[in-house]
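Biologist: Before we discuss any part of this chain, could you show me the sequence and the structure together? I would like to ask how each label you use is justified.

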Amino acid sequence: MSNLSLSIPIESQIKTLIYPIKKIMDSQQVTHGDPCWAPPLFPEQGRLLLSMPQVTNNLYNARKEERQYQRSDIKKRMASVKNVHVSLFFDGTNNNEPYDTNKAEPPHPSNVAKLYHASAPEVKEAISAGFYAYYMPGVGTPFPEIGTNEYYNPGLTYAAGGEARVSWGLINLCDTLFYEVTKIRLTTAERRDALESMSSNTNYESTTMFALSDYNPIPGLLK
């Protein structure tokens with residue numbers, strides 16, 4: 001049996017029948033928590049507006065110790081000195097700057113990746129002035145330099161591969177000092193040899209090359 005009337009437009013009758021059902025569904029979906037809030041878009045010029053005198057003063061302070069050393073008694077100091085600034089950027093779990101910035105749609109680099117970009121890691125003038133920046137992808141994501149070429153679940157579950165990333169950051173620090181003295185960079189092979197010798201895991205491959213491993217830390221934790 002139908003409750004539809006031929007004297008009332010079908011469209012109006014359908015809306016009348018659907019309205020109570022829709023009202024019930026809407027009431028079940030409504031939450032009574034705090035209102036949602038989102039911060040405004042980050043301005044292109046940044047939030048901290050610096051004048052040229054402020055920028056100049058910051059640079060002056062960064063090199064203050066270097067100047068003091070150069071003015072000290074020549075008999076008490078080395079022939080030359082240079083301030084070196086090394087920034088190590090460790091991204092969070094499942095964050096990967098190369099993918100998030102260059103391949104993802106839309107691009108969504110993390111705040112760590114954005115800070116890394118702001119450090120001008122490829123600008124020769126910055127490097128020659130002693131400013132170095134190194135980026136380490138988050139655990140669970142590809143890091144070809146240490147032999148991790150794919151995304152992997154143990155990194156998301158156990159933070160597996162974290163030690164290798166920290167060690168790689170320390171190796172970058174040593175490489176920077178070596179380069180400043182000799183103007184020679186450590187090769188990737190030399191870095192990987194150092195990484196292997198630094199590993200605390202007896203099964204070194206399990207902490208880096210997950211494409212070839214079923215690494216599970218639980219048995220070791222339970223011992």
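Modeller: Please keep in mind that this is a predicted model. A good place to begin is a nonpolar surface patch of about 560 Å², which is made by Leu88, Phe90, Val166, Leu170, Leu173, Leu177 and Met198. The elements that give two or more residues to this patch are strand 1 (85–90) and helix 8 (162–182).

Biologist: Which element gives the most to the nonpolar patch?

Modeller: Helix 8 gives the most, with four residues.

Biologist: Why is Leu177 called partly exposed?

Modeller: Leu177, which lies in helix 8, has a relative accessibility of 48%. Partly exposed covers the range between the buried limit of 20% and the exposed limit of 50%, and because 48% falls in that range, Leu177 is counted as partly exposed.

Biologist: What makes Met198 partly exposed?

Modeller: The relative accessible area of Met198 is 35%, and because this value also lies between 20% and 50%, Met198 is given the label partly exposed. Met198 belongs to helix 9, which covers residues 188–198. Leaving aside neighbours within four places in sequence, Met198 is in contact with Glu163, Ser167, Leu170 and Ile171. Of these contacts, Glu163 is 35 residues from Met198 in sequence, while the two C-alpha atoms are 9.5 Å apart in space.

Biologist: How do you know that Arg165 has no salt bridge?

Modeller: The nearest side chain of opposite charge, that of Glu145, is 8.5 Å away from Arg165. A salt bridge needs the charged atoms to be within 4 Å, and because 8.5 Å is beyond that cut-off, Arg165 has no salt bridge although it is buried.

Biologist: What does the side chain of Arg165 reach at 3.1 Å?

Modeller: The side chain of Arg165, a residue of helix 8, reaches the backbone oxygen of Gly161 at 3.1 Å. The cut-off for a polar contact is 3.5 Å, and 3.1 Å is within it. Not counting residues up to four places away in sequence, Arg165 also touches a set of residues that includes Phe90, Met136, Phe143 and Tyr152.

Biologist: How do you know that Asp100 has no salt bridge?

Modeller: Asp100, which lies in helix 4 (residues 97–102), is buried, and the nearest side chain of opposite charge, that of Lys103, is 10 Å away. Because a salt bridge must be within 4 Å, a distance of 10 Å leaves Asp100 without one. Apart from neighbours within four places in sequence, Asp100 is in contact with Asn95, Pro107, His108 and Pro109.

Biologist: Why is Tyr132 called buried?

Modeller: The relative accessible area of Tyr132 is 4%, and because buried means under 20%, Tyr132 meets that condition. Tyr132 is found in strand 2 (residues 131–136), and its C-alpha is 4.8 Å from that of Val86, although the two residues are 46 apart in sequence. Val86 is one of the residues in contact with Tyr132, and others include Ser87, Ile127 and Tyr179.

Biologist: How many helices and strands are there in the chain, and what percentage of its residues count as buried?

Modeller: The chain has 10 helices and two strands, and 25% of its 223 residues count as buried. Its accessible surface comes to about 16400 Å², of which 59% belongs to carbon and sulfur atoms.

How values were computed. Residues are numbered from 1 along each chain as its sequence is written. This is a predicted model: local features need pLDDT of at least 70, side-chain atom pairs count only at pLDDT 80 or more; totals for chains, interfaces and linings use all residues. Side-chain values use heavy atoms; hydrogens and water are left out. Patches are made of residues with over 30% relative accessible area and no salt bridge: like charges are joined within 9 Å, nonpolar side chains (Val, Leu, Ile, Met, Phe, Trp, Tyr) within 5 Å. Accessible areas come from the Shrake-Rupley method with a 1.4 Å probe; for residues, only the protein chains shown count as cover. Buried means under 20% relative accessible area, exposed over 50%, partly exposed in between (1.4 Å probe, protein chains only). Lys and Arg count as positive and Asp and Glu as negative; His and the chain ends are not counted. A polar contact is a pair of N or O atoms within 3.5 Å; within protein, one must be able to donate a hydrogen and the other to accept it, and residues adjacent in sequence count only if both atoms are side-chain atoms. Contact means heavy atoms within 4.5 Å.
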